[in-house]
Amino acid sequence: MFQMTTPRSRLGSAIYIAELIYHNSVRSVRKSHGNAFMAIFMNMLQTIVFVMAFYVMFQILGLRGTALRGDFMVYIMTGIFLYMTHSKTLGAVSGSEGPASPMMQHAPMNTAIAIAAAMVSTLYIQLLSLFAILFIYDAAFAPGVLLEIFDPIGCLAMILLAWFSGAAIGMVFLAVKPWFPTPVGIISTVYQRANMIASGKMFVANTLPPYMLTMFDWNPLFHCIDQSRGYAFLDYNPRNSSWEYAFYLSIVLIMIGLMGEFYTRKHASASWGARR
């Protein structure tokens with residue numbers, strides 16, 4: 001209250017905001033466990049278990065023959081990694097501190113920093129899990145498999161696009177959540193569960209008939225996963241998906257979410273949840 005603040009330059013303000021985002025990202029990563037290493041390992045373990053579960057399921061159901069020509073684990077990972085990144089980012093952004101959170105009582109803190117920290121911490125965990133799993137698989141089980149990936153930069157770009165689209169949808173949920181907390185929580189859960197099928201990670205888009213394609217092409221994650229397989233495998237040319245659709249839709253959704261969050265921040269009150 002009686003603290004005097006000195007004006008900062010634009011560079012100084014940018015560094016100060018980046019420092020706040022960094023500290024909040026660390027707090028978000030370590031939230032699940034007091035030990036930093038265990039917190040990261042627990043997040044990585046979820047991705048490892050997911051990959052192994054789908055590998056076993058494909059083997060039992062006999063779906064391995066429908067995969068693309070190339071390494072089968074790379075085919076699974078191009079679906080699992082993007083799905084996990086998208087879903088984790090959506091959950092982290094929609095569940096970040098709102099305008100009525102006690103964290104907002106601290107002067108440097110605001111909702112923009114909380115949202116950015118949720119996005120950065122999720123991306124850090126998912127990229128770390130990606131590189132760790134790929135390194136272990138390449139070193140221990142399939143030497144040289146990383147060299148078989150046709151365009152690694154394109155695959156990484158699709159992971160970033162899946163992360164960005166998850167943050168955009170999470171922003172919309174975050175803006176509406178203070179007004180309708182229970183319905184938004186249900187819709188968010190249903191969307192993430194539906195993406196187990198609707199994301200297209202279990203099949204190849206080029207093999208779908210037109211009537212089935214219309215059931216999935218609304219989903220930006222479906223386009224990201226199919227395009228990532230086009231970058232990962234030399235012999236696969238994705239003709240039923242477009243990364244431009246996912247990119248432009250994400251920009252529209254994040255702008256809607258930012259406008260909604262701005263409006264909600266001006267009207268939100270801690271007394272809203274008093275009766276719940």
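Is Cys-155 buried or exposed, and what is its relative accessibility? At 13% relative accessibility, Cys-155 counts as buried, because buried means a relative accessible area under 20%. The model examined here is a predicted one.

## Overall fold

The protein chain contains nine helices and zero strands, and, read from the N terminus on, its elements follow the order α-α-α-α-α-α-α-α-α. Of the 276 residues in the protein chain, 43% are buried.

Contacts can also be sorted by how far apart the two partners lie in sequence. Among the contacts in the protein chain with a separation of 6 or more, 73% are between residues 24 or more positions apart.

## Two cysteines and the absence of disulfides

Cys-224 is buried, with a relative accessible area of 0%, and Cys-155, at 13%, counts as buried as well. The structure as a whole holds zero disulfides, so no pair of cysteine sulfur atoms in this model lies within 2.5 Å.

## Asn-206 in its loop

Where does Asn-206 sit in the chain? Asn-206 is found in the loop between α6, which covers residues 181–198, and α7, which covers residues 210–213. Although Asn-206 belongs to a loop, this residue is buried, with a relative accessible area of 15%, a value that falls under the 20% cut-off and therefore earns the word buried.

When neighbours within four places in sequence are left aside, Asn-206 is in contact with Tyr-236, Asn-237, Pro-238, Arg-239 and Asn-240. With one of these residues, Arg-239, there is a link that can be described by its atoms, since the side chain of Asn-206 reaches the backbone nitrogen of Arg-239 at 3.3 Å.

## The cavity

Rolling a probe the size of a water molecule over the atoms shows where empty space is left. In this model there is one cavity of 30 Å³ or more, and the volume of the largest cavity is about 30 Å³.

Which residues line the largest cavity? Its lining consists of Phe-81, Thr-85, Gln-126, Leu-127, Leu-130 and Ile-159. Both α3 (72–94) and α4 (111–141) supply at least two residues of this lining, and the largest share, three residues, comes from α4. Sorted by class, the lining of the largest cavity has four nonpolar residues, two polar residues and no charged ones.

## The largest pocket

The largest pocket has a volume of about 470 Å³. It is lined by 23 residues, and those closest to its centre are Ser-28, Lys-31, Ala-92, Ser-121 and Thr-122. Two or more lining residues come from each of α1 (10–29), α2 (36–61), α3 and α4, with α4 giving the largest share, seven residues.

By class, the lining of the largest pocket is made up of eight nonpolar, 11 polar and four charged residues.

## The second largest pocket

The second largest pocket encloses about 350 Å³ of space. Of the 18 residues that line this pocket, Leu-130, Leu-134, Ile-149, Pro-152 and Cys-155 lie nearest its centre, and the elements that give two or more residues to the lining are α3, α4, α5 (152–176) and α8 (220–232). Cys-155, the buried residue of the opening question, is thus found again in the lining of this pocket.

How many residues of each class line the second largest pocket? The lining holds 16 nonpolar residues and two polar residues, and no charged residues.

Terms used. Residues are numbered from 1 along each chain as its sequence is written. This is a predicted model: local features need pLDDT of at least 70, side-chain atom pairs count only at pLDDT 80 or more; totals for chains, interfaces and linings use all residues. Side-chain values use heavy atoms; hydrogens and water are left out. Buried means under 20% relative accessible area, exposed over 50%, partly exposed in between (1.4 Å probe, protein chains only). Helices (H or I, at least four residues) and strands (E, at least two) are DSSP runs, numbered from the N terminus. A polar contact is a pair of N or O atoms within 3.5 Å; within protein, one must be able to donate a hydrogen and the other to accept it, and residues adjacent in sequence count only if both atoms are side-chain atoms. Contact means heavy atoms within 4.5 Å. On a 1 Å grid over the protein atoms alone, a cavity is a set of points where a 1.4 Å probe fits but cannot get out, and a pocket is an open set with protein on both sides within 12 Å along at least five of seven lines; lining residues have an atom within 4 Å of a point. Grid points are joined across faces, edges and corners, and a volume is the space filled by probe spheres set on the points. Ala, Val, Leu, Ile, Met, Phe, Trp, Tyr, Cys and Pro count as nonpolar, Asp, Glu, Lys and Arg as charged, and the others, Gly among them, as polar.
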